[in-house]
Amino acid sequence: SVHKYQTSFRSASWRILKESGISGLYCGAVMDTLKPLVTKFIQNLLLPVKRKLDSLCGGRTNIRRIVVGSVVSTLTLVVLHPMETVKTAMISERSKISPGMIETTGKIISTSGFSALYTGF
């Protein structure tokens with residue numbers, strides 16, 4: 001039933017614990033944890049680009065911020081979108097895909113192909 005978890009927080013938590021164990025409470029939490037790490041990693045990768053833009057922009061830091069911010073945001077989206085797709089599949093009750101992130105990714109790729117990870121992109 002779609003309305004299975006439309007109850008108090010306590011009742012829903014107990015139901016998830018009984019059905020999926022403790023890992024059921026953290027379904028999708030990996031994505032929320034990885035997003036800031038990936039963003040910071042991409043920012044650090046772009047440090048040489050930032051320095052080059054500083055010399056090209058002649059002190060106009062707003063242009064650099066706009067360019068670097070746009071590139072970081074775009075790359076973060078490209079890297080993390082497949083994880084969002086997997087997270088959505090894991091959380092969706094209608095999809096009877098296995099509970100783990102790796103298993104769910106494998107099922108999506110095997111049934112619909114790699115491009116399915118970018119559905120909705």
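How many residues does helix 5 have, and how far does helix 5 reach from its first C-alpha to its last? Helix 5 covers residues 101-112, so to speak a run of 12 residues, and reaches 16 Å, close to the 16 Å expected at 1.5 Å a residue. Right after helix 5 comes Gly113, and its phi is positive, near 90°.

**The overall picture**

Keep in mind that you're looking at a predicted model. The average pLDDT of the chain is 77, and 79% of the residues score at least 70. Among the elements, helix 5 has the highest mean pLDDT, at 86, while helix 1 (residues 9-20) has the lowest, at 76. Where pLDDT is low, the predicted coordinates shouldn't be read in detail.

The chain is made of 5 helices and 0 strands, so from the N terminus on the pattern simply reads α-α-α-α-α. Out of 121 residues, 21% count as buried. The accessible surface adds up to about 8,600 Å², and carbon and sulfur atoms own 64% of that. If you look at contacts with a separation of 6 or more, 51% of them link residues 24 or more positions apart.

**Helix 4**

Now for helix 4, which runs over residues 61-91. Its 31 residues should span 45 Å at 1.5 Å a residue, and its end C-alpha atoms are 41 Å apart, which agrees. Helix 4 also bends by about 40° at Leu80, with a proline, Pro82, following within four residues. Its buried residues include Arg64, Thr76, His81 and Lys87, along with nonpolar ones such as Val68, Val72 and Leu80.

**The cores**

Which residues make up the largest nonpolar core? There are 7 of them: Val38, Ile42, Leu46, Leu53, Val68, Val72 and Leu80. Helix 2 (29-45) and helix 4 each supply at least two residues of this core, and helix 4 gives the most, with 3 residues. In soluble globular proteins, nonpolar side chains tend to be buried together.

Leu46 has contacts of its own to look at: leaving aside neighbours within four places in sequence, Leu46 is in contact with Val71 and Val72. There's also a second, separate core of 6 residues, and Val86, Met90, Ile108 and Ala116 are among them.

**Two residues to find**

Try picking out Thr85 and Lys107 in the structure. Here they are together:

| Residue | Relative accessible area | Status |
|---|---|---|
| Thr85 | 16% | buried |
| Lys107 | 43% | partly exposed |

Why does Thr85 count as buried? Its relative accessibility is 16%, and the cut-off for buried is under 20%. Thr85 sits in helix 4. Not counting residues up to four places away in sequence, Thr85 touches Ala116, Leu117 and Thr119. Ala116 is also one of the residues in the second core.

Lys107 belongs to helix 5. With a relative accessible area of 43%, Lys107 is partly exposed, because that value falls between the 20% and 50% limits. In sequence, Lys107 and Val86 are 21 residues apart, and in space their C-alpha atoms are 9.8 Å apart. Val86, in turn, is buried in helix 4 and belongs to the second core.

Key
Residues numbered from 1 in each chain as written. Predicted model: local features only at pLDDT ≥ 70, side-chain atom pairs only at ≥ 80, totals over all residues. Heavy atoms only, no water. Core = buried A, V, L, I, M, F, W, Y, C linked by side-chain atoms within 4.5 Å. Buried < 20%, exposed > 50% of the residue type's maximum accessible area, 1.4 Å probe, protein only. Contact = heavy atoms within 4.5 Å. Areas by Shrake-Rupley, 256 points an atom, 1.4 Å probe, with all protein chains shown as cover. Expected span 1.5 Å × (residues − 1). pLDDT = per-residue confidence, 0-100. Bend = angle between axes of the 7 residues up to and from the residue.
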